[in-house]
Amino acid sequence: VCKSCGAEVVADPQTVALVCPYCGSNIVLSDKIDGELTPDGIIPFAITPKKLPEAVRSFYKGKKLLPKSFFSDSSIGTVQGIYVPFWLYDSDPTGEMVFTGSRDRTYRDGDYVVTEHQNYELHRKVTMSFRDIPTDASERMEDALMDSLEPYDFSALKSFNTDFLAGYVADRWDKNAKEMKARTDRRVYNSAVTIALDRATAGYSDVRTNLKSHLDLSHSSARFVLLPVYVFDIKWNGETYSFAVNGQTGKVVGTLPEDKALAQKYFWKWWAIGTAAVMAASWLLFLR
């Protein structure tokens with residue numbers, strides 16, 4: 001019940017803060033964020049709603065296949081600022097990764113040019129530390145969309161205070177840290193392989209991962225934080241396009257329409273350029 005106007009407002013179980021649709025007052029459901037449910041930190045909104053049109057225009061900029069009428073005829077719907085629940089993981093993977101590698105050496109031996117090809121098995125001991133890996137903890141938010149909003153500057157994390165929620169919607173997590181660990185572990189594993197591969201390639205012409213690789217990902221911990229996100233729709237030509245904005249940095253993510261006629265024009269243009277380049281290269285080889 002809104003304390004300002006007395007209206008009864010219905011919210012889903014994960015909502016911890018909202019704006020009364022009748023009088024515009026802030027409603028914070030404190031009982032839903034008490035004790036263990038209290039966030040360990042919050043990044044306040046740094047981008048105001050007034051700056052969103054500028055951020056969206058910057059997102060449009062340079063999109064050559066965007067229909068020209070999209071700039072003038074599109075309209076932004078209701079903008080909703082949401083504090084989205086995230087788990088922030090720290091992970092310290094250890095273990096061993098095994099790669100296969102090869103190295104070529106070419107040298108002259110009398111009248112012959114010899115190419116020597118050597119194969120290796122590369123063993124790498126792995127000890128790494130990853131800090132503040134964000135994983136959204138809301139069923140309502142699309143994982144890929146939330147991942148695309150990164151990075152956040154976690155040095156700006158503040159101690160949680162309900163005053164930050166004023167004027168915004170806020171959700172409580174509905175996917176616990178244990179449930180989300182597998183998704184985070186996959187991200188840590190892929191990053192660790194990429195880093196180890198980069199280290200392993202020194203001096204080798206070809207390096208591949210080997211299925212013998214093993215990482216212990218049990219050493220991890222998680223904190224519950226709220227991160228600022230704007231969500232809104234843009235309507236154009238009878239279609240609705242959904243967008244999200246990082247409320248700290250102003251980074252915009254979303255799907256834009258494509259001018260199919262212009263896309264086809266560019267395709268044939270670059271096809272012609274590519275064909276001409278191949279023919280020119282072939283002609284030079286023929287002259288030699």
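Modeller: Before we look at this predicted model, one definition helps: strands are DSSP runs of E with at least two residues, numbered from the N terminus.

Biologist: Thanks! What makes β6 and β7 a hairpin, and what sits in the turn?

Modeller: The two strands form a hairpin with 2 residues between them, and Gly 110 in the turn has a positive phi of about 65°.

Biologist: How do you know that β6 and β7 pair?

Modeller: Pairing asks for at least two bridges found by DSSP. Strand β6 (residues 94-109) and strand β7 (residues 112-127) have 16 bridges, in the antiparallel sense, so they count as paired. One of the bridges links Asp 109 to Tyr 112 in β7.

Biologist: And why is β11 called a partner of β6?

Modeller: By the same rule: at least two bridges are needed, and 3 join β6 to β11 (residues 214-216), so these antiparallel strands pair too. Among the bridged residues, Thr 94 has Asp 216 as its partner in β11.

Biologist: Lovely. Now, what makes residues 265-273 a stretch of low confidence?

Modeller: pLDDT is the predictor's confidence, from 0 to 100, and over residues 265-273 it stays under 50. The model has 2 contacts beyond four places in sequence for that stretch. Over residues 278-287 the pLDDT is also below 50, with 0 contacts beyond near neighbours in sequence. For the protein as a whole, the average is 80, and 79% of the residues score at least 70.

Biologist: How many of the residues count as buried, and by what cut-off?

Modeller: Buried means under 20% relative accessible area, and 37% of the 288 residues count as buried.

Conventions
Residues numbered from 1 in each chain as written. Predicted model: local features only at pLDDT ≥ 70, side-chain atom pairs only at ≥ 80, totals over all residues. Heavy atoms only, no water. Helix = DSSP H or I, 4+ residues; strand = E, 2+ residues; numbered from the N terminus. Contact = heavy atoms within 4.5 Å. Buried < 20%, exposed > 50% of the residue type's maximum accessible area, 1.4 Å probe, protein only.
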